[in-house]
Structures are given as structure tokens and as C-alpha cells.
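Hi,

Here is the structure I said I'd pass on. Have a look at it first, and then read my notes underneath.

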Amino acid sequence: MRLKSFYAKTMTEALHMIRETLGEDAIIVATREENGGKSVRVTAAVEQETFESHNDGWGEPTTSTPQSRAQDGGWLQYDAEQDENAVAEELTDIMLKHAVPEEITDQVVSCATVAGMGNAHEALVAALEHLYVFRPLPHKAVGKNFVLVGPPGAGKTLGVAKMATRAVMAGQKVAVITTDTLRAGGVEQLAAFTKILNVPLEKARDPRDLGRAMDAVRGADHIVIDTGGLNPFNPQEMRDLARMMAVANMDPILVMPAGVDADESGEMARVYASLGVRTMMSTRLDIARRIGGLLAAAHYGGLVFADASNTSQVAEGLFGMSPDRLARILMPRSAPADRGSTTSPGSASPKKTVNAG
């Protein structure tokens, strides 16, 4: 069977693309909004023989074995003799354990079943790869202005400290700005890190202050901006955030903590996506046992999985999210052994370093 994802501005356009490429017998496996609802991503499947017939026999030959996957241009191929029911049951149990919404569970299981891998972990990796987008943040980002946004307690200040630390370790000249001037201890916490790193820290209370602060650190390779925890369901607070983000060209990153109710996470992501947020940093993975909220946020907000954090230790930093890494977090016991690693992606490292508190 063949599996492919299509991007379009409307569902009608996507369905037309599917019919043109896969034919009338194609089956819709999953749908997802992108760019805050401005476009859609539709994943469809069709039998190998049907695809080759529709394309006048020009379809690529199936070279995959029962235990392997072949990819080319977004296609997935599989041996139809795999035990689909056992994989579907195991993945359904995993999704239920993580409180994943039923709609997303159905899409993950359907996509994984169509992918037809030899075990549940491989099938889950294939499904996540087609249903979500993964794009880790660059370690070196010249000319970039990153602004971390999100609800209170998400870990934005810690995320800023980790990003600044990584930049310094990469030999870059980084500057930090905080707009979190009202929270008690907010500025002091960030100042403690920037002082150790010998990184300039500027404060801004409003858009005008932010513009001045950015001018003051103009010589930096890139700037990381911390913001206060705002209520995404308060229109005025979101308008204030939008004004801050409009000061200069910024790459906004939604800091989303794991362990939050999936419906709440999905609604929050939709709000931030409406402000132009396209990227998500997943945090608190070390203390969360149910991460369905992260899948819901990425799904309903059309967000890209970027970096993630599984420890409060600043020097441990961030790790780039990937389909395999996310699958290991969702089902660690079933994941293949990670060579060279002594800790799971969802657990804190035992190393002792500076604690952010």
C-alpha cells in the first residue's frame, strides 16, 4: 500500500490533488490544519497495484521487506502480510494511556496500520513522521530573533537560558531580552544565568521599550526574548503580546508543557497559532506521564515539533524532537535500545549541573 501527504489551501484542493495523484480509490487516512487553519495537510493511502495502474505502470517498485521501510519523496511502502491488528491494538492502548484525543488516536492508528511496519514502535515512528512536522532549532542562528511565548509556568525563562547557553557553547554572540518584568523574581532569575554566561540582558515593559532594547543589542548574532506567562483566553493579553511580536521580525516559539489536558493544550495552541506561532518547544517531559496534550497542540495548532526539554538543569540543554524520539517517549518500553544513551528521552539526566529551580 502507498501512503502520501498532500498540502493545500483548502480541503477541496487537497482532495483534487489526491484524485489526480492516487486515483479515485485512494483512502483518506488523516487530516490536519496547518498555519493556524490557513492550509490543510491530508494523508491518503492507496493499494500498490491501483497506484501503478493509475500512473500507467510508472509507480516505483516495492523493495521493502517485512521488517524494513523504504522512503522516497514522502512515500511509504509495506508488506501487506504484517499483523495489523496486533499493532493497532498496542498503539490504541498507548494513545489511551497518554490521554490522546480520539480523533488523533484514530489518525495515528490508521496511519500506522497502513504503514505496516514489523512492530508497533516502527509503525508509530512512520505514523508520526507523516502526521507531524519535526524541525529542531538551529544551534547557530545568525540574524534570528526568537521570542518564547506560552502560558504561565510553561518554562519560558528556563528555555531562554538553555538557548542562550547553547549559543554561547557554539561560539555565538547572543543577547537576551525579557518582557517578564511584572512577575516577582522573573528578571532576577534570568539575570543570574546571563551573568554567568557573560551575556547582555535587556528589559522591556512595552513595545517601545522592546524596540529600544533590540537596538541596544543589535551587534549580537541572534537575540532570544523571554515573555511573561499570559492567559491565551484573555483577548487583551493576546493583543498585548501581538503588539510585542510586531516590533521586529521574530520567530515565535510556543513553549508547551507536557502533562496538560489535551483539550486545553489544543485550544491554547489554536490561539497562539492565530498570532503567527508555527513552532512548539515541548517542556516538563521529565515529570509528565501523559503527553497527549503535546500531540493535541501540534495537531490543532498546526505546529512544528522543534526542541524539547526533559530536565531543569540548564547545562543539559535541549534536544531536537524527531519521530523516533517522540515515539520513544510515548512507548519507552517497546522502543529499541538507544545505543550510547543511558537515559530515556522522557526522563531527567542523572548528571548534576546548575539547577534552574
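Below is what I found, going from the whole chain down to single residues.

First, a caveat: this is a predicted model, so please read everything here in that light.

**The chain overall**

The chain holds twelve helices and 13 strands. It has 357 residues, of which 52% are buried. If you take contacts between residues at least 6 apart in sequence, 74% of them join residues at least 24 apart.

**Helix 9**

Helix 9 runs over residues 235–245, and its buried residues are Met-238, Leu-241, Met-244 and Met-245. Why do these sit on the same side of helix 9? Because they cover an arc of only 115° around the axis. As a general reminder, an α-helix has 3.6 residues a turn, so residues three or four places apart point the same way.

What does that buried set pack against? There are two strands and two helices to look at: strand 6 (144–149) and strand 10 (251–257), plus helix 8 (207–216) and helix 10 (262–274). At the N-terminal end, helix 9 is capped by Asn-234, which has a side-chain oxygen 3.0 Å from the backbone nitrogen of Gln-236.

**Two helix pairs**

Two packed helices are described by the angle between their axes and the distance between the axes. I looked at two pairs that way.

Helix 6 (residues 156–169) and helix 7 (residues 186–197) have axes that come within 10 Å and cross at roughly 5°. Angles under 35 degrees count as roughly parallel, and helix 6 and helix 7 are therefore roughly parallel to each other. On the helix 6 side the contact is made by Thr-157, Val-160, Ala-161, Ala-164, Thr-165 and Val-168, and on the helix 7 side by Gln-189, Leu-190, Phe-193 and Leu-197.

The other pair is helix 5 (residues 120–131) with helix 12 (residues 323–330), whose axes come within 8 Å and cross at roughly 130°. That makes helix 5 and helix 12 oblique to each other, and the crossing is right-handed. Helix 5 brings His-121, Leu-124, Val-125, Leu-128 and Glu-129 to the contact, while helix 12 brings Pro-323, Asp-324, Leu-326, Ala-327, Arg-328 and Leu-330.

**Buried polar residues and their neighbours**

For the contacts in this section, neighbours within four places in sequence are left aside.

Arg-166 sits in helix 6. Is Arg-166 buried or exposed? Buried, because its relative accessibility is 14% and the cut-off is under 20%. Arg-166 is in contact with Leu-137, Pro-138, His-139, Asp-307 and Leu-318.

Ser-282 belongs to strand 11 (residues 279–283) and is buried too, with a relative accessible area of 1%. Its contacts are Met-256, Leu-294, Phe-305, Asp-307, Ala-308, Ser-309 and Met-321. Note that Asp-307 turns up in the contacts of Arg-166 and in those of Ser-282.

Thr-179 is in the loop between strand 7 (174–178) and helix 7, and counts as buried at 15% relative accessibility. Thr-179 touches Ala-204, Leu-210, Ile-225, Asp-226, Thr-227, Gly-228 and Met-244; Met-244 is one of the buried residues of helix 9. Thr-179 and Glu-202 are 23 residues apart in sequence, yet 8.8 Å apart in space, C-alpha to C-alpha.

**Thr-21**

Another threonine, Thr-21, is in helix 1 (residues 11–22). At 25% relative accessibility it counts as partly exposed. A polar atom of the Thr-21 side chain lies 2.9 Å from the backbone oxygen of Met-17. Thr-21 and Lys-4 are 17 residues apart in sequence, with 9.7 Å between their C-alpha atoms.

**Positive phi values**

Most residues other than glycine have a negative phi. Which residues here have a positive one, near 60°? Asn-198 and Arg-284 are two to check. Asn-198 is found in the loop between helix 7 and strand 8 (201–203), and is exposed at 69% relative accessibility. Arg-284 is in the loop between strand 11 and helix 11 (292–301), and at 37% relative accessibility counts as partly exposed.

Cheers

Key
Residues numbered from 1 in each chain as written. Predicted model: local features only at pLDDT ≥ 70, side-chain atom pairs only at ≥ 80, totals over all residues. Heavy atoms only, no water. Buried < 20%, exposed > 50% of the residue type's maximum accessible area, 1.4 Å probe, protein only. Helix = DSSP H or I, 4+ residues; strand = E, 2+ residues; numbered from the N terminus. Arc of directions from axis to C-beta. Contact = heavy atoms within 4.5 Å. Polar contact = N/O pair within 3.5 Å; in protein donor to acceptor, adjacent residues only side chain to side chain. Axes fitted to C-alpha atoms, helices over the stretch in contact; angles between N-to-C directions. Parallel < 35°, antiparallel > 145°, perpendicular 65-115°, else oblique. Left-handed = near helix turned anticlockwise from the far one by under 90°.
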